[in-house]
Amino acid sequence: MIIKIKDFNNAEEVISKNFVKEWNELKEVLKSSPLHLKSSEQRGKKGNLVFDPVGSNMFIKEELIKKNWISPIPIPSEYSCLGIDIDFGKVGILIEVQYSHYAFLLNNTLRSELFYKIKFEIDNKPLKLAVIITKSNMFPSANSSLYYEQAVEQLSAVANHSIFNIPIRLIGLFENNGNNIPALWTKYLSNTSRKIKEQKEISVNIFNNKIQKSI
């Protein structure tokens, strides 16, 4: 896939000084990811191709673990009110894959800020950087799910008022426009299942940042 980034609080400098190897690992995984799609079961969209967050998450997790990233990272019990775990981490970096409701972005940002201030350790190193992965709005998805362009606006709005200090690299997943763009289509046992019933490689047409073909 194609990635775009937006940095906050000198994240680029923090990465260049401390995390070049880890950034290259993450970038390699994301760029090697296929476009994950599924058929929508949502009323009004049934049968249309939409972004598959489960498939994308599974791919990222499998590939990062091969590179010795930790997943998941439990949140300490005294902060259990903020959630159960962090998606991924390594040597002072945390990664959150944010494909769900847009409101969770600021929750993850505030939680990361807290862990940054208390010097929460990731892989035995104090937290220095948060990375948030999102998808572009070029991919149809569930109603109210976060997309990269919206995340840029949200984080920029709060950053302009110095609401958080933790360096953050925001990543958006995109794809080229054109004919016969390869994708991986998956059908699960149920709407809430992660168990695969059927999976196949397909091609889609993307024009004006919109997927044109349905199964």
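What volume does the largest cavity have? The largest cavity has a volume of about 40 Å³. This is a predicted model. The report takes the cavity first, then the two sheets.

**The cavity**

Rolling a probe the size of a water molecule over the atoms shows where empty space is left. Here the count comes to 1 cavity of 30 Å³ or more. Its lining is made up of Ile15, Glu22, Trp23, Leu26, Trp69, Ile93, Leu129 and Val131. Two elements each give two or more residues to that lining: helix H2 (20-32) and strand S10 (129-135). H2 supplies the largest share, with 3 residues. By class, the lining holds 7 nonpolar residues and 1 charged residue, and no polar ones.

**The sheet with S10**

Strands of a sheet pair through backbone hydrogen bonds, either parallel or antiparallel. Strand S10, which helps to line the cavity, belongs to an open sheet of 5 strands. The order is S1-S11-S10-S7-S6, and the pairing is mixed. Strands S1 (2-8) and S6 (88-90) form the edges, each pairing on one side only. Direction ignored, neighbouring strands of this sheet are turned by 20 degrees against each other on average.

S10 and strand S11 (residues 168-174) run parallel and are joined by 6 bridges. Within this pair, alanine 130 stands opposite isoleucine 168 in S11. Helix H1 (residues 11-18) packs on the sheet and touches S1, S10 and S11. The direction of H1 makes about 95 degrees with that of S11.

**The sheet with S2**

A further open sheet of 5 strands has the order S3-S2-S12-S13-S14. Its pairing is mixed. The edge strands are S3 (49-51) and S14 (210-211), and each pairs on one side only. Strand S2 (residues 35-39) and strand S12 (residues 178-188) run parallel, with 3 bridges between them. Leucine 37 stands opposite tryptophan 185 in S12. Helix H3 (residues 53-66) packs on this sheet, touching S2, S3 and S12. Its direction makes about 150 degrees with that of S2.

**The packing helices side by side**

| Helix | Strands touched | Angle to a strand |
|---|---|---|
| H1 (residues 11-18) | S1, S10 and S11 | about 95 degrees with S11 |
| H3 (residues 53-66) | S2, S3 and S12 | about 150 degrees with S2 |

**Where the parts meet**

Which strand gives two or more residues to the cavity lining? Strand S10 does, and S10 is also touched by helix H1. In the sheet order, S10 stands between S11 and S7.

How values were computed. Residues are numbered from 1 along each chain as its sequence is written. This is a predicted model: local features need pLDDT of at least 70, side-chain atom pairs count only at pLDDT 80 or more; totals for chains, interfaces and linings use all residues. Side-chain values use heavy atoms; hydrogens and water are left out. On a 1 Å grid over the protein atoms alone, a cavity is a set of points where a 1.4 Å probe fits but cannot get out, and a pocket is an open set with protein on both sides within 12 Å along at least five of seven lines; lining residues have an atom within 4 Å of a point. Grid points are joined across faces, edges and corners, and a volume is the space filled by probe spheres set on the points. Helices (H or I, at least four residues) and strands (E, at least two) are DSSP runs, numbered from the N terminus. Ala, Val, Leu, Ile, Met, Phe, Trp, Tyr, Cys and Pro count as nonpolar, Asp, Glu, Lys and Arg as charged, and the others, Gly among them, as polar. Two strands pair if DSSP finds at least two bridges between them. Axes are lines fitted to C-alpha atoms, for helices over the stretch in contact, and angles run from 0 to 180 degrees between N-to-C directions. Contact means heavy atoms within 4.5 Å.
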